[in-house]
Amino acid sequence: MTAISAPRAHAVRRASIAAAGIASAIAAHMVAMGDLALLPVAPALWAMLIALAAVIGTRRAPFVARGMGATALLVVLSQMAMHVGMVTAPWAFGIAAHHAEPLLTPGSAVAHVVAAIVLVALVAWGERALAVLSAVARAVLSPAPRRPRRSGVVACVRPSCASRAPRARFLRATPSRGPPLPA
């Protein structure tokens with residue numbers, strides 16, 4: 001078991017915002033059109049879009065949950081981007097091409113508002129849960145603080161251990177170099 005890394009936690013957050021945008025855009029598209037003519041490849045395209053959003057960008061900072069305002073803004077921007085993408089290029093989302101509809105209808109606007117409220121709450125809850133789990137994993141799996149290692153050499157550094165010179169006066173000593181001088 002390893003702690004979730006900061007880049008992975010940020011990738012999960014980006015993926016959840018992209019998934020919220022796709023889910024709300026699909027719901028609004030179904031409300032506006034009445035039906036949704038999906039191609040068989042649609043779920044794979046949605047998964048690729050979510051995965052692409054997850055891997056774009058890296059962060060090394062510790063994961064901290066964003067505020068509700070920032071989360072709401074990102075989810076709404078994601079919704080808008082996905083809705084515009086589904087209207088202008090439906091084939092990129094696995095939706096069969098059909099006649100042109102207006103960019104925003106009253107039904108799709110209501111669907112987006114309802115989806116925004118629900119999805120902002122879900123993404124914010126998931127982000128807070130991810131922040132708590134990340135902090136718990138960091139705390140549990142962080143290495144215990146190491147005690148200072150004792151050195152292998154034992155040395156006496158106190159002055160009381162050091163040998164002291166006797167206090168008696170020294171007699172004049174002759175050097176002990178070379179042979180003794182004749183007397």
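This passage describes the helices, the nonpolar cores and a nonpolar surface patch of a predicted model.

Helix α1 spans residues 6–33 and is built from 28 residues, reaching 41 Å from its first C-alpha to its last, which is close to the 40 Å expected at 1.5 Å a residue. The helix is followed by G34, a residue whose phi is positive and lies near 90°.

The largest nonpolar core is made up of 10 residues, namely I22, A25, I26, L36, A42, W46, M82, M86, F93 and I95. Two or more residues of this core are given by each of the elements α1, α2 (42–55) and α3, and the largest share, three residues, comes from α1. L36, itself a member of this core, touches I26, H29, M30 and I95 when residues up to four places away in sequence are not counted; of these partners, I26 and I95 also belong to the core. A second core, separate from the one just described, has seven residues, including I17, A20, L119 and V120.

On the surface, L73, V76, L77 and M80 make a nonpolar patch of about 360 Å². One of these residues, L77, is found in helix α3, which covers residues 68–88, the helix that also gives two or more residues to the largest core. L77 counts as partly exposed because its relative accessibility is 44%, a value that falls between the limit of under 20% for buried residues and that of over 50% for exposed ones.

How values were computed
Residues are numbered from 1 along each chain as its sequence is written. This is a predicted model: local features need pLDDT of at least 70, side-chain atom pairs count only at pLDDT 80 or more; totals for chains, interfaces and linings use all residues. Side-chain values use heavy atoms; hydrogens and water are left out. Patches are made of residues with over 30% relative accessible area and no salt bridge: like charges are joined within 9 Å, nonpolar side chains (Val, Leu, Ile, Met, Phe, Trp, Tyr) within 5 Å. Accessible areas come from the Shrake-Rupley method with a 1.4 Å probe; for residues, only the protein chains shown count as cover. A salt bridge is a side-chain nitrogen of Lys or Arg within 4 Å of a carboxyl oxygen of Asp or Glu. Helices (H or I, at least four residues) and strands (E, at least two) are DSSP runs, numbered from the N terminus. Buried means under 20% relative accessible area, exposed over 50%, partly exposed in between (1.4 Å probe, protein chains only). A nonpolar core is a set of buried Ala, Val, Leu, Ile, Met, Phe, Trp, Tyr and Cys residues joined through side-chain atoms within 4.5 Å. Contact means heavy atoms within 4.5 Å. The expected span of a helix is 1.5 Å times one less than its number of residues.
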